[in-house]
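Q: I'm new to this one, so please give me a close look at a single part: the inside. Start in the middle and work your way outwards.

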Amino acid sequence: MKKLGVLGGLGPMASVYFLQLVVQMTEARTDQEHIEVLLHSVPQIPDRTRYILGQSSEDPVPQMAVAGRGLAAQGAQVLAIPCVTAHYFQERLETQIGVPILNAVEETALCLQQAGINRAGILATDGTLSSRLFQTCLEKRGISCVIPGPEDQRAVMRLIYDNVKAGKPVEYPLFEAVSERLFARGAQINLLGCTELSLIGRDHALGPGFLDVLEVLARKAVLCCGRLKEEYESLIAEVN
């Protein structure tokens with residue numbers, strides 16, 4: 001099995017949940033049959049969204065590349081980054097690290113296409129939406145995107161930064177309201193397109209109308225480095 005390197009800390013709790021998902025999804029009868037994982041959690045890496053939006057001059061890539069090269073030096077053969085916004089820097093990081101990085105955005109687009117989804121709502125950071133990471137990738141596969149309006153996007157950022165990243169309880173009614181408005185605008189599936197939002201999916205029964213991008217990334221990591229449990233072969237139960 002390949003060794004999996006995890007460049008974590010972006011944020012810390014999302015990285016912990018990612019590791020849980022990898023273990024949970026792996027077909028293993030003994031400890032020894034699980035995937036070998038190398039984790040470097042670096043919460044001090046500058047904020048990705050602020051840099052993308054031009055609100056900060058602190059480029060996160062140098063610190064991420066140092067951490068990634070450290071993982072590669074320890075034997076990691078493939079890397080996962082449990083931060084969707086960080087995928088904006090993927091090409092630069094792969095060039096500087098020299099190890100393949102799993103692409104959660106592309107894997108999500110493939111997952112949606114295989115499930116016959118043609119319209120998806122995107123719940124993500126301002127940086128992810130501004131860079132059109134999902135929009136560009138999904139539209140290439142014939143999937144149109146629904147993004148929150150300005151007020152709802154401020155609510156999404158509140159959930160990410162003021163709730164989850166701040167270690168506070170999630171304002172779940174706020175999440176429900178934003179999600180319902182995306183469904184009302186024709187979204188068949190809403191993407192939990194930020195790994196902080198994945199923690200809402202962990203703690204609440206969201207139902208079949210959501211796809212967690214962190215689950216997509218964990219599933220791909222297991223497929224690359226181990227054996228996937230049969231029940232995780234499809235992550236989309238049904239289409240609304």
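A: Here's a walk from the core out to the surface, with the terms explained along the way.

First, some housekeeping. This is a predicted model, so local features need pLDDT of at least 70 and side-chain atom pairs count only at pLDDT 80 or more, while totals for chains, interfaces and linings use all residues. Residues are numbered from 1 along each chain as its sequence is written, and side-chain values use heavy atoms, leaving out hydrogens and water.

Now the middle. A nonpolar core is a set of buried Ala, Val, Leu, Ile, Met, Phe, Trp, Tyr and Cys residues joined through side-chain atoms within 4.5 Å. Buried means under 20% relative accessible area, exposed means over 50%, and partly exposed is in between (1.4 Å probe, protein chains only). The largest core here has 44 residues, and the ones touching the most other members are L4, F18, L112, F134, L138, L191 and L211. At least two core residues each come from β1 (4-8), α1 (12-25), β3, α5, β4 (119-123), α7 (133-140), β6 (189-192) and α11. Those labels are DSSP runs numbered from the N terminus: helices are H or I with at least four residues, strands are E with at least two. Helix α11 gives the largest share of this core, 8 residues. Set apart from that core is another one of 21 residues, including L7, I52, A86 and F89.

Take F134 from the main core. Contact means heavy atoms within 4.5 Å. Leaving out residues up to four places away in sequence, F134 touches V84, V105, T108, I122, T128, E139, C145, L191, G193 and V213.

Two of those names, T108 and V213, come back where helix α5 meets helix α11: A104, E107 and T108 on the α5 side meet V213, V216, L217 and K220 on the α11 side. Sorted by class, this contact has 4 nonpolar, 1 polar and 2 charged residues. For the classes, Ala, Val, Leu, Ile, Met, Phe, Trp, Tyr, Cys and Pro count as nonpolar, Asp, Glu, Lys and Arg as charged, and the others, Gly among them, as polar. How do the two helices cross? The axes of α5 (residues 104-114) and α11 (residues 213-225) come within 9 Å and cross at roughly 100°, which makes α5 roughly perpendicular to α11. Axes are lines fitted to C-alpha atoms, for helices over the stretch in contact, with angles from 0 to 180 degrees between N-to-C directions. Under 35 degrees counts as roughly parallel, over 145 as roughly antiparallel, 65 to 115 as roughly perpendicular, and the rest as oblique.

Next up is F210, in strand β7 (residues 210-212). F210 counts as buried because its relative accessibility is 14%. Skipping neighbours within four places in sequence, F210 is in contact with F175, S179, F183, I189, N190 and L192. I189 sits 21 residues from F210 in sequence, yet their C-alpha atoms are 5.3 Å apart in space.

Helix α4 (residues 90-97) shows two sides. Q90, L93 and I97 are buried, and seen down the axis of α4 its buried residues fall within an arc of 65°, so they line one face of the helix. That arc is taken over the directions from the helix axis to the C-beta atoms. An α-helix has 3.6 residues a turn, so residues three or four places apart point the same way. The face of α4 turned away from its buried side carries exposed E91 and T95. The cover over the buried residues of α4 includes α3 (61-73) and β3 (78-80). After α4 comes G98, with a positive phi near 85°.

Heading outwards, L19 lies in helix α1 and is partly exposed at 25% relative accessible area. Apart from residues up to four places away, L19 touches V6, V37 and L39. Then there's Q74, in the loop between α3 and β3, which is exposed at 53%. With residues up to four places away left out, Q74 touches K3 and L38.

Two backbone oddities to finish. Most residues other than glycine have a negative phi, and most peptide bonds are trans. The peptide bond from L10 to G11 is cis, with omega near 5°, and G11 is in the loop between β1 and α1. R132, in the loop between α6 (126-130) and α7, has a positive phi near 60° without being a glycine.
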